[in-house]
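Q: Please take a close look at the aromatic ring pairs in this predicted model. Which rings pair, how are their planes set, and where in the chain do the partners lie?

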Amino acid sequence: MCCCFDIMCTLSHTSFLFIHTPPYSNAGWWSRGTLIANRATQETIISQNKQELFYDTNGSVWNELQSVIQPNWQGGDVLGAESEGIEEIDNSTLLSVCSGEWYGSMDMIRGKEKNLNVIWEANDDSDSLLDAESLYEQCLAEENTLVELESTDSCYKCGGEENGKCVDPYSLVLMARLHLVDNDASQFSMSTPSGAISCDTLRSSWTAIVQGEFTTQLKSCVDLSILMSSDVVNKTDAIMNSGLSCPFPFSFLTTMVDESFPTSNPPIVRYSSSYYATKNSQSIVEEMYNSNENNDYDRAEDSSLLSGVYDTTDEDFYDYYSDSIVGRDMALAVGSAGVTIIAMMIHTKSPWLTLMGLFQILLSFPLAYFVYYFIGGLIFFPFLNFIGIFVVFALGKLVVFLI
């Protein structure tokens, strides 16, 4: 098994991780193709896949990274942006979801899967997401979001029913439901435990004693995860001697709690996550973004206990939003040109000087691009460079004012 240092040494002699992006593209690494940018790209992709590389016993992940362009790192627009896309669903993925293997796996959390993800926050520093009312509010929010995902066919469904119920998300609510049945997932359908334990039943069953037992088990899972990821010598012996165990029947993720949970007294959870099993085609991701913008997903806005923020595991919502406001920024740039023309006309009182000043400003763009592209060799033009339009018009106006 190779270490990350060995991987970086090998990657420094390869170029597969950096693919040239044209000047109008916002996909991939936003840089100009320098050696530093190439190495930074390699380091970023390794960091994103470090767990998969660590457990890569047969070299399949390593071979994929060397031979397959990773999503959103290719030239041109973001993958599938020019087409509706095909839903990336196959029998193996569906089997993993419906069998429960999907819960806590890399397929659930890695970016290229684009699963819908929500971060929950307790509104008050003294509140805990482990309280009965908080779990109830989160449970209702998840149920409402699942209904919206079902209506747009954005989620995975099990049982062979085309119009069936979406698979329940991986969250504290799922862990709480499993705790009520002694973590025996065989007592109900793994894909929809909510059908066996409703939100009302969860709240009424979540007594102070039950919450205390669950908190103790949750802390044990967290402490065990911390120990497993530590640099302790003879880690196997350390784990066995610690007496720690995690009764949760699926892989446990520390994103269920915040960083202060292990040390807080009493232990409270102020931040947590929920992961939905959603399809990852471009059309589905766009549909989820639109639903989020229309407030179709439940953020528990009516609750005084918690609130949520949605995105995908690949942060697609952020990308869509940033792209959507580029046009607004360009409108501001055009508006600045109009203001500049009016100011020049008032100052010079000459349409001729104003027109010549405007031509002077406009002619500076092809000249600047020539120097930028052909002489400087800078082939990438990021959106941030549009701020130069404001600067050019301002400087051009000053030249005319000095005439």
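A: What follows describes two ring pairs, the cluster that holds them, and one contact between a charge and a ring.

In this predicted model, rings pair if their centres lie within 6.5 Å, and by this rule there are eleven aromatic pairs. One of them joins Y103 and F250: the ring centres are 5.7 Å apart and the planes meet at 40 degrees, so this pair is tilted. Planes under 30 degrees apart would count as stacked, and those over 60 as edge-to-face. The two residues come from distant parts of the chain, 147 residues apart. Y103 sits in the loop between helix 5 (91–99) and helix 6 (106–109), while F250 sits in the loop between helix 11 (235–242) and strand 2 (271–275). Both Y103 and F250 are buried.

Another pair is formed by Y170 and F248. Here the centres are 5.8 Å apart and the planes are at 75 degrees, so the arrangement is edge-to-face. Y170 belongs to the loop between helix 7 (132–151) and helix 8 (172–180), and F248 to the loop between helix 11 and strand 2, so the contact ties together parts that are 78 residues apart in sequence. Y170 is buried, with a relative accessible area of 0%. F248 has 7% relative accessibility and also counts as buried, since the cut-off is under 20%.

These two pairs belong together: Y103, F250, Y170 and F248 form one aromatic cluster with W102.

A contact of another kind involves Y136, where the charged end of R203 sits over the ring, 3.7 Å from its centre.

How values were computed:
Residues numbered from 1 in each chain as written. Predicted model: local features only at pLDDT ≥ 70, side-chain atom pairs only at ≥ 80, totals over all residues. Heavy atoms only, no water. Phe/Tyr/Trp six-rings, centres within 6.5 Å; stacked < 30°, edge-to-face > 60°. Helix = DSSP H or I, 4+ residues; strand = E, 2+ residues; numbered from the N terminus. Buried < 20%, exposed > 50% of the residue type's maximum accessible area, 1.4 Å probe, protein only. Lys NZ or Arg CZ within 6 Å of the ring centre and 35° of its normal.
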